[in-house]
Structure formats: structure tokens, C-alpha cells
Amino acid sequence: MPYPGTVTITVQDGGLQLVSGGTNFPFVIGGSSAGTAAQLYLGTDPQAFKAAVGRGPGVDIALDCISAAGGCFFLKTATSVAGVNSVLTATRIGTSTGTMTVSVGGATHDFAIKIRIKKTGTVGVGKFDYSLDRTNTTADAERTFSEEITIPSGGTFVVPDAGFTWTFTPGGGPTFFEVGDVFTGTSTTAHYNTTDLGTAMAGLFIGANGALLTNRKIRKVCWAGNPATAAAAATLAAAIATHMGTLATNKHFARSMMDGGSIDTSSNYLSAFSAVFANSRVADTYSLEDAISPNPFAGFGIPRVSGLFSDFGRAVRAQISENLGRVASGPLDGCVAIANDESKNTLFTEADKTLTFRTDPSGPGFFITNGYLKSSAGSDFLYWDYGVLLDEGTTVVDRELARYRLSKVRTIKIPSQTARPIDPRNAAQIEMAINSALAEVMRGPTVDNHPSHVEEQVFTIDQTNDVFGTRIVRGTYRAVPLPPAENFEVTVGLARSVTV
Amino acid sequence: MTDKKNDREDATRPSVATPAAPAAKQGDGKRTPEEWAPTFGQVRPKTFEETITMVNGKPFDFVGQFLWQHEAAVVLHGWKLHAHHAGEPFRLSKADYEAALKAASETNEKGEYTPHPAALSPHAPKTEPKPELPEEEE
């Protein structure tokens, strides 16, 4: 005991158990060209991550997440839907006889292939370059082309990082490949189906995967890739919704994004996806964009991809109360072009709750039209940020209440009743602890300089429940989110004088 | 928001161990998909750790009652739309339900799921072949 008597002050840290940036990395699920199916990877170093999982649309999204959040979980799936390479169609300048074929499958991304003959000649003599990005109707000046390459004498060219091989066949001549000739085609990368997802998710919480998630929380999930059709996307979405439920039951309160069938028609999307699927844990996008790749290679710099890339990138960077379409947050990073501008060619209504892209009169670039969740009609969970916000609060409540598990609570006697509810003084202690933690996690300033991410919030203990008889302490968490200013109505006119 | 549909769904969520569904009609051997689900292990097991967080006095977290194969089959075969339009749940045989689960688990070479014909509701959505992609906005 100190002598003479004094006041000993111990400053404690860590009592709030605040979630640090490293413990709730984004979570991306998809196929890739390397790695092991159903294995969970934690990428923090881009180079090591690429070496582990290879290439693919999901890998690019994960790399963007590593850039934004310092790390990303990647759950590799099997890909039962094989990639498809179209025939390479020649557009000839004259009477050349050369043809090109592509090996079966294996594309690491969806590609728009354009091969230009740059020097007339046969194999071993002629030269070509190629582009794999954007679309085959995009001007050449806007695309990424490789350097000029001599057509291999053997006729076979392994396209670096693309996952397939081209074969040049000279034909009868006398002109084989002529400068100005162009070969075009498309390739799609392999994709997962519901069974692949089910297998991957079944192993998420066990073994090495489970160990990797210890003391980490999944908050934002991206189901990467383009489903073949809107109908296929809907079937996939129904499975995804159950997986999101599984995450929630494992204390990972999260929201997720997927593509709703952007390579299908908007009418098919409306009838086969939007009309049949709703879930407050899933957001879907119907959008295609040309976005700068975080993992470029020869001929591939600005691929056409699902808008999921920029949607999820924005979601990862956004605050918990930030609408994904907030104009003041600036245009989407790296988005060079969009397939449809919802402000000029409006395909949907607010009721469809679909993530789309738009331009904005305030300036250049492209924006998310509004940050919707694909929730059912009338749901409170209209926006992605509403869901994320409540997930954050739920996690705090869950974590703080867990501290009291099997702790003794005092109860009080109610005259002429056998029920013994919790003592109000005991309830107040628990409420205070949880409300303090909630206030801390919701503390601003927000991007709009508000002091908190919620208007109001409160956690209360039910003081009527018979705790003695049921051994259940019931609580209620209520949060009032900050509403977005979606529309403005202004009256303007001229006057002889104005009163300020 | 005045319509608390989402909350209502949560509030009426039945026990995860005992799905609530209309009783099977006698004689034809057909049942609703929800009635067949337990037979094929398609009901989500309740975990010990599962807690209920309350929002506005209702459980906010609707995690779903069934597993992914069942839910995927529901969408693929239009069973939810059937209940909406026909005013009664779709009913099918045990073998057709099993085939529907399989259909929702497999894709063809194009990446499409092919519904099991006998399990397909006449109210399932119909789509048209997709044309070329739209051009970009520069």
C-alpha cells in the first residue's frame, strides 16, 4: 500500500474493444486462375496475393479493396460454368488467306479481342498487335494494345496472362496476313454456380478458413463475376441470400453486392431478376463499365466489367452512413465509361432498387445513381448504408451483451405476481455500457460534417420480462439513420425587392 | 416508412426447426415445397449461438428458414410468384421436388439453370434471348 496515502490513476485502453481497420476487411467471393477452390485467402500485399490466386474479375475487385482498406478476404470458388471463346472473325483488307483460331476455354477475364495485322507476311514474317479490353466497337485509340509482335514461325502464340492460345494458319496465299487485316472475337471467363458457392461457403467457418476469421468480422461482401443471364442471376441470388443469413448466424452481420445479370437485357432483368428476388442483405447492380484494371497486362488495361467493380469499391471506401451515390464524394475512381447512363436513358424506377450508373450535371465522371439494397417493398432497408449502419450497431450490441452472458442479474418482486423482472438499477447499468459503446462507434464527424452517423439511437432493457423464470434479458436497439437529400424543390423568380 | 413489411416478415418467422406450411392435400401425394424441405434436409438448423436482435420491437435479422438449394429452386421454378398469382402454394411430388433441387444446383454449358419441367409454375418469369451489348457512354 502506498505510503503516505495517494490517489493511483490507471489509464486503461482497449475497454471499448473498438474494431480496428484490420479486423473487418472486405470479403470477395469468386473464381480465379490459381489457388485452391473453397480456400479463404487474406490478401494484404498485392503481389503476394496475385501470386496466390492468379487472375480473375474477383481478384481485381479484391486488389482494389486491398488498395482501399489495406486488406481483403478472398474465397476462391470452383467454376463449373466454363469460359467460352468465340471464333475469331477476319475482316480483310484484300485477298489474304490467313485464319486464326483460339484454344478452348481458360480466359482469365471477359475479353473483347481485336487482333490487328501490322506487317504483311506469313508466319515468322508478319506482325500483329492485339487488344483484349473495352469493346470491339470502341475506337482503337481508346483501347489498350500490345506492342507489335512477329507472328510465331510455329503459328502458335500463347497470349500472356489471358489464359488461352491463338493459332495462326497461313492458308494458300499468296498473301497470307495483310497489314490492315483485323480479327475479332470475344471470350468469357469461367463462373461459379450455386453448387460451387454452396461448397465454398460450407467450408468457410471450419479449419484454416475458420482460423483466419478468428476475431475478424465480415461486413461487406462482393459476389464477383457476371452471371450468364438475369434468370441465372436470380437463382444465384436466392442462394446468396441464404449464405448471407448463414454469415449473420455466425455473427458476421454483413451486406453484399452481386451482379443482377448486366449482360442480359434490361427487360429480362426486370422480369427474371427484379420481379422475383428481394433481400435486405443483398444489393444488385445492372451496369457495365469500362474501368481501369488494378492488375493490367499486355492488351488489357481498361476492361469492360460488371459495375460491381466500382459499386463495391465505393462501398468499401464509404463511411457507414454514406450513401453510395453521394455526389460530393466525387465520381467513381477509375471508371472511364459506362454502358448506360441512367440519367439519360432511364431503365428502372426507384421501386426496382437497382444499382446503376449516371452522369451528373455537377461535373465530369460517373456516379452511382442511388445506393440501394435489393430489399422487399416497404422494407426499412432501402439503402446500403442503412443496412451497414445497423450491422455496425448490431455488432456492438451483440459484442457488449456477450460480456454479460452467465453473469448474475438482480431481479425485483412484483406484488401479487410470481414474475421477477430485472432490477431497474441493474438494467440501467447494462444499458449505459451498451449505449456508451454505441455512441462511440457511431461518432462522427461524417463526410457531411455531422457529429454522429445516426440522428438518434438507444438500447433499452425490457423491464417487464420475467428474467427469473425465463433467464432471458430482452433488449431493444433503435437507431434513427440520417436521411439522404435525394431531391430538391426550389422556386425561383424575379422581384422588385427581396426580404432577407 | 409506414409499411413495415420487412418487420412483419421477421415477426412472423416461424421456428426454424418446424416450418409452417399448409397441410398436404390427401390422395395425390403432392405437397408444397416447404413441406418437402425437411425431408431433404433443406431447413436451416438453429445454432446455439443464434441471437435475436430487436429493432422497433421486432427481430430485425431475417436469416431465412431454408437452405440455399431450396431457396434457389423457389426462384428458378417461380414458386413464390405462383403463390402470389394463384392464391395458393405450388404443390408437387417428392420426386419432382428432389429434381427441382438438382435443377437449381446445376448449370448448362451457357451458365443457365434449366428448371425441372414438372416443378415449373406457369407463373414463373419468362425471358427473351439477349441481344448484343449496349454501347458505352463516353
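Two strands count as paired if DSSP finds at least two bridges between them. In this predicted model, strand β13 (residues 220-223) of chain A and strand β14 (residues 255-259) of chain A satisfy that condition with four bridges, and the two run parallel.

## Domains of chain A

Chain A is divided into three domains: domain 1 (21-80 + 191-368), domain 2 (84-188) and domain 3 (407-500). Between the C-alpha centres of domain 2 of chain A and domain 3 of chain A the separation is 63 Å.

## Sheets and strand pairing

Strands of a sheet pair through backbone hydrogen bonds, either parallel or antiparallel. Chain A contains an open sheet of six strands, ordered β2-β3-β1-β13-β14-β15, with mixed pairing. At its edges stand β2 (40-43) and β15 (282-285) of chain A; each has a single partner strand, so one side of each is left without a neighbour in the sheet. Direction ignored, neighbouring strands of this sheet are turned by 20° against each other on average. Within the sheet, the pairing of β13(A) with β14(A) includes C222(A), whose bridge partner in β14(A) is M257(A).

A second open sheet in chain A has three strands in the order β17-β16-β18, and its pairing is antiparallel. The edge strands here are β17 (304-306) and β18 (335-338) of chain A, each of which pairs on one side only. Neighbouring strands of this three-stranded sheet are turned by 40° against each other on average, again with direction ignored. In the pairing of β16(A) with β17(A), E289(A) has V305(A) of β17(A) as its bridge partner. Helix α7(A) lies across β16, β17 and β18 of chain A and runs at about 75° to β16(A).

Strand β8 (residues 127-131) of chain A pairs with β7(A) and also with β9(A). In the first of these pairings, K114(A) stands opposite S131(A) in β8(A). In the second, K127(A) stands opposite T150(A) in β9(A).

The table sets out four strand pairings of chain A.

| Strand | Partner strand | Bridges | Sense |
|---|---|---|---|
| β13 (residues 220-223) of chain A | β14 (residues 255-259) of chain A | four | parallel |
| β16 (residues 288-291) of chain A | β17(A) | three | antiparallel |
| β7 (residues 111-119) of chain A | β8 (residues 127-131) of chain A | five | antiparallel |
| β8(A) | β9 (residues 149-150) of chain A | two | antiparallel |

## Helix packing

Two packed helices are described by the angle between their axes and the distance between the axes. Within chain A, the axes of helix α2 (residues 57-69) and helix α7 (residues 308-317) come within 10 Å and cross at roughly 25°. Angles under 35 degrees count as roughly parallel, and α2(A) is therefore roughly parallel to α7(A). The crossing of these two helices is right-handed. From α2(A), the contact draws on D60(A), I61(A), D64(A), C65(A), A68(A) and A69(A), while α7(A) supplies L308(A), F309(A), F312(A), G313(A), V316(A) and R317(A). Sorted by class, this contact of α2(A) with α7(A) has eight nonpolar, one polar and three charged residues.

A further helix pair links chain A to chain B. The axes of helix α5 (residues 230-249) of chain A and helix α3 (residues 68-77) of chain B come within 8 Å and cross at roughly 150°. Angles over 145 degrees count as roughly antiparallel, and α5(A) and α3(B) are therefore roughly antiparallel to each other. Their crossing is right-handed. On the α5(A) side the contact is made by A234(A), T235(A), A238(A), A239(A), A241(A), T242(A) and H243(A), and on the α3(B) side by W68(B), E71(B), A72(B), V74(B), V75(B) and L76(B). The classes in this contact of α5(A) with α3(B) are nine nonpolar, three polar and one charged.

## Backbone exceptions

Most residues other than glycine have a negative phi, and most peptide bonds are trans. In chain A, the peptide bond from G173(A) to P174(A) is cis, with omega near 10°. P174(A) is located in the loop between β11 (165-169) and β12 (182-188) of chain A. Another cis peptide bond joins G444(A) and P445(A), with omega about 5°, and P445(A) belongs to the loop between α9 (424-441) and β21 (454-461) of chain A. N215(A), a residue other than glycine, has a positive phi near 60°. This asparagine, N215(A), sits in the loop between α4 (207-213) and β13 of chain A.

Conventions. Residues numbered from 1 in each chain as written. Chains lettered and ligands numbered in written order. Predicted model: local features only at pLDDT ≥ 70, side-chain atom pairs only at ≥ 80, totals over all residues. Domains from an automatic or database assignment. Axes fitted to C-alpha atoms, helices over the stretch in contact; angles between N-to-C directions. Parallel < 35°, antiparallel > 145°, perpendicular 65-115°, else oblique. Left-handed = near helix turned anticlockwise from the far one by under 90°. Contact = placed C-beta atoms within 7 Å. Nonpolar A, V, L, I, M, F, W, Y, C, P; charged D, E, K, R; others polar.
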